[in-house]
Amino acid sequence: MAAVHPTRPFFALPRAFFAALLIGPLLSGCLSSDSDNNNDGPTTGRINALGISGLTYQTASQSGKTDSKGQFQYYPGETLSLKVGDLLLAENVPAQKWVTLLEFFPDIRAQLTSPSIDDEGLRTHRGTEQQLIDRTHQSNLIRFLMALNWAGNPKDGEGIEIRDRVIQQLNAALPSLTSPIDFRASQSEFNASGSAPSPANQLLASICFYPEGSELCEDPSEVEDKIKSAIDRPENPEPGIEYKQDLQAKLSRILNAARTMGDVEPEDAKRYLSRELDSITTTLGKRFYLERHTANVPASDTRIQQFNIHRIGGSAELADIDAITTRPQDIVLHSYNAETASVEYFVGGPAGGESEIVTSFLPENTYRWVRKTLRVVID
């Protein structure tokens, strides 16, 4: 049975200003439904908010590749194994509606359920997420997948697209790596280049992110061999002949087109995943609502008032709840209850006073806390 929380001590809390959460317009329709499955069929999940396409997934009953939206199929209670080509990225990841890169590592996944406390004294998952993004092995994984994106670093509103052409080249290069890719290596080891490149950079050097047949996909060592036997361009060059200067310019273009782990900074990875996490939280929050945004209560009405949290398409089903009043001298909290998804309060100040009642609640089957605010005006 869920606990009933009494009010917090009656001291003045700073008035909260809650900025509107940012979300790309692309998410407004594609992640809004509570269920993407038929009654008897598998459920649809997604890797990140805007998706990572081209990953191979396997559950106890389903298998395939994530589509252009990063979607996969599963039945509740199953776990995921995830690969890019033949390279294993994660296994035993709980399959659910949204799976993010924070859930690929078991040690990081276990910490997601420990909320942080914000400046208003309310529990939230956001601080925990931001701390975990900065873990070196988490950052290495994010940066590696961003480096495999066909168009380079994904921009705002874009997911990660790992094309079949990239996967084919990746699989061909894996057997020749000097050692397996280790996401738990230090950043300097993971980024190592030059005469002793890291396995991640060896792999990237073997992948051409241009159409097949492009000169940028030619083997640089073969171009170097041609330079050795090429002649200098004469004053009257003949058409169709690659002179030494031409080959040197081509080699430069090929080398400059090659990607390395140094092309994706840790801050790039943090911004990318922060956007994805915020989008999921915003989309989840849109499933919950209050009956109204403002409540007007006469100063003479000192009875206990109540409002409830609702969910589109079903009951709220909360695991826990917090609440505060920003002006307890005007509006006083009486109690709040996760089981009934309700908050009770009463008027404690004169006409003209007002307060915001801020609730932070944890829906079932997620670690993400949702926030809703009711403005109460005393008439």
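The protein chain, seen here as a predicted model, contains ten helices and 20 strands. Of its 379 residues, 46% count as buried, and the accessible surface comes to about 18500 Å², with 50% of that area belonging to carbon and sulfur atoms. When contacts between residues at least 6 apart in sequence are considered, 64% of them join residues that are at least 24 apart.

**The open sheet**

Four strands form an open sheet in the order β14-β20-β19-β16, and their pairing is mixed. Its edges are β14 and β16, the latter spanning residues 318–325, and each of these strands pairs on one side only. On average, and with direction ignored, neighbouring strands of the sheet are turned by 25 degrees against each other. Two of the pairings, both involving β20, are set out below.

| Strand pair | Bridges | Direction | Example of opposite residues |
|---|---|---|---|
| β14 (residues 294–297) and β20 (residues 370–378) | four | parallel | Thr294 and Arg375 |
| β19 (residues 354–363) and β20 | eight | antiparallel | Thr359 and Lys372 |

In a regular strand the side chains alternate between the two faces of the sheet. Strand β14 follows this pattern, with Ala295 and Val297 pointing to one face, where they are buried, while Thr294 and Asn296 point to the other face and are not buried. Thr294, from that second pair, is the residue that stands opposite Arg375 in β20.

**The nonpolar cores**

In soluble globular proteins, nonpolar side chains tend to be buried together. The largest nonpolar core of this model has 54 residues, among which Val84, Phe144, Leu145, Leu148 and Ile162 touch the most other members. The elements that give two or more residues to this core include the strands β6 (71–74), β7 (79–84) and β8 (87–94), together with the helices α3 (126–133), α4 (136–147), α5 (164–173), α7 (199–205) and α10 (266–285). Helix α4 supplies the largest share, which amounts to six residues.

A second core, separate from the one just described, consists of 28 residues and includes Trp98, Leu318, Ala341 and Val376.

Returning to the largest core, Val84 offers a view of the surroundings of one of its members. Once neighbours within four places in sequence are left aside, Val84 is in contact with Leu55, Leu89, Phe144, Leu148, Ile162, Ile167 and Leu170. Phe144, Leu148 and Ile162, which appear among these contacts of Val84, are also named among the core residues that touch the most other members.

Conventions:
Residues are numbered from 1 along each chain as its sequence is written. This is a predicted model: local features need pLDDT of at least 70, side-chain atom pairs count only at pLDDT 80 or more; totals for chains, interfaces and linings use all residues. Side-chain values use heavy atoms; hydrogens and water are left out. Buried means under 20% relative accessible area, exposed over 50%, partly exposed in between (1.4 Å probe, protein chains only). Contact means heavy atoms within 4.5 Å. Accessible areas come from the Shrake-Rupley method with a 1.4 Å probe; for residues, only the protein chains shown count as cover. Two strands pair if DSSP finds at least two bridges between them. A nonpolar core is a set of buried Ala, Val, Leu, Ile, Met, Phe, Trp, Tyr and Cys residues joined through side-chain atoms within 4.5 Å. Axes are lines fitted to C-alpha atoms, for helices over the stretch in contact, and angles run from 0 to 180 degrees between N-to-C directions.
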